[in-house]
Amino acid sequence: MSISAPGTASAATTVRRLRASALAAAAPVAACLVALGALTLWTTLGGAGSPPDLGVTRARVFRPTGGTPDTAAFFRITNEGGAADELVEVTAPSVPDGIALSRHRMTPDGAAYRDPADRLSVPARGTLDMSPLSSDVTVPANPKWQVGDRVWFELRFAHSGTVRVRARVVRPGPLD
């Protein structure tokens, strides 16, 4: 039997326990550092995305024809940002209530109709290109509008706030 100095056995045990605890803690700490480094690199390289960066061009509104109560406005909304956004409302100072977002749909028989939409998606790094065949803004007709007139619209987005744009009144038909 060997006899050790008082306190030596407990000191050795304490050192072993500290070493084991340090090794046990090292794995999660190392994993956190690796994850933090990877997230930093991902963000630096643009992988984490960026907020929506919207631009509105090709703003057009069809001149009302006949006695139709409504006409349509179209916009090209380009998103250069890394996050999607949504067009949630359109207003116009010179137009009374009744402006609505809509999508164009087809019945199995080939008839077209407008389907009201609560919102229209603008994809990240993509475009919402409204047309008579996709989506539009239904607008109460103003019989005073003439080809070439300009009409102010305010487009409100879920994340990007409001964008104010002037639409040119054009004849109904293909949009150029």
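These are my notebook entries on the fold, the core and the ring contacts of this chain.

**Entry 1: overall fold.** I am working with a predicted model. I looked up the secondary structure and found one helix and 10 strands. Reading from the N terminus, I get the helix, then the strands: α-β-β-β-β-β-β-β-β-β-β. I checked contacts with a separation of 6 or more, and 66% of them join residues 24 or more positions apart.

**Entry 2: surface and burial.** The chain has 176 residues, and 26% of them are buried. I noted an exposed area of about 11100 Å², with 58% of it from carbon and sulfur atoms.

**Entry 3: core.** Which residues touch the most other members of the largest nonpolar core? I list Phe75, Ile77, Leu87, Met130, Phe153 and Leu155, out of 31 residues in that core. Elements giving two or more residues to this core include strand E2 (70-79), strand E3 (85-91) and strand E9 (150-157). I then followed methionine 130. Beyond four places in sequence, its contacts include Phe75, Ile77, Leu87, Leu120 and Val137.

**Entry 4: rings.** I found two aromatic pairs. One of them is phenylalanine 75 with phenylalanine 153, edge-to-face, at 5.5 Å centre to centre and 75° between the planes. Phenylalanine 75 lies in strand E2 and phenylalanine 153 in strand E9, 78 residues apart. Are these two rings' residues buried or exposed? Phenylalanine 75 counts as buried because its relative accessibility is 0%. Phenylalanine 153 also has 0% relative accessibility, so I log this residue as buried.

**Entry 5: charge over a ring.** I looked at tryptophan 152 last. The charged end of arginine 164 sits over its ring, 4.2 Å from the centre.

Notes
Residues are numbered from 1 along each chain as its sequence is written. This is a predicted model: local features need pLDDT of at least 70, side-chain atom pairs count only at pLDDT 80 or more; totals for chains, interfaces and linings use all residues. Side-chain values use heavy atoms; hydrogens and water are left out. Helices (H or I, at least four residues) and strands (E, at least two) are DSSP runs, numbered from the N terminus. Buried means under 20% relative accessible area, exposed over 50%, partly exposed in between (1.4 Å probe, protein chains only). Contact means heavy atoms within 4.5 Å. Accessible areas come from the Shrake-Rupley method with a 1.4 Å probe; for residues, only the protein chains shown count as cover. A nonpolar core is a set of buried Ala, Val, Leu, Ile, Met, Phe, Trp, Tyr and Cys residues joined through side-chain atoms within 4.5 Å. Rings of Phe, Tyr and Trp (its six-membered ring) pair if their centres lie within 6.5 Å; planes under 30 degrees apart count as stacked, over 60 as edge-to-face and the rest as tilted. A charge sits over a ring if NZ of Lys or CZ of Arg is within 6 Å of the ring centre and within 35 degrees of the ring normal.
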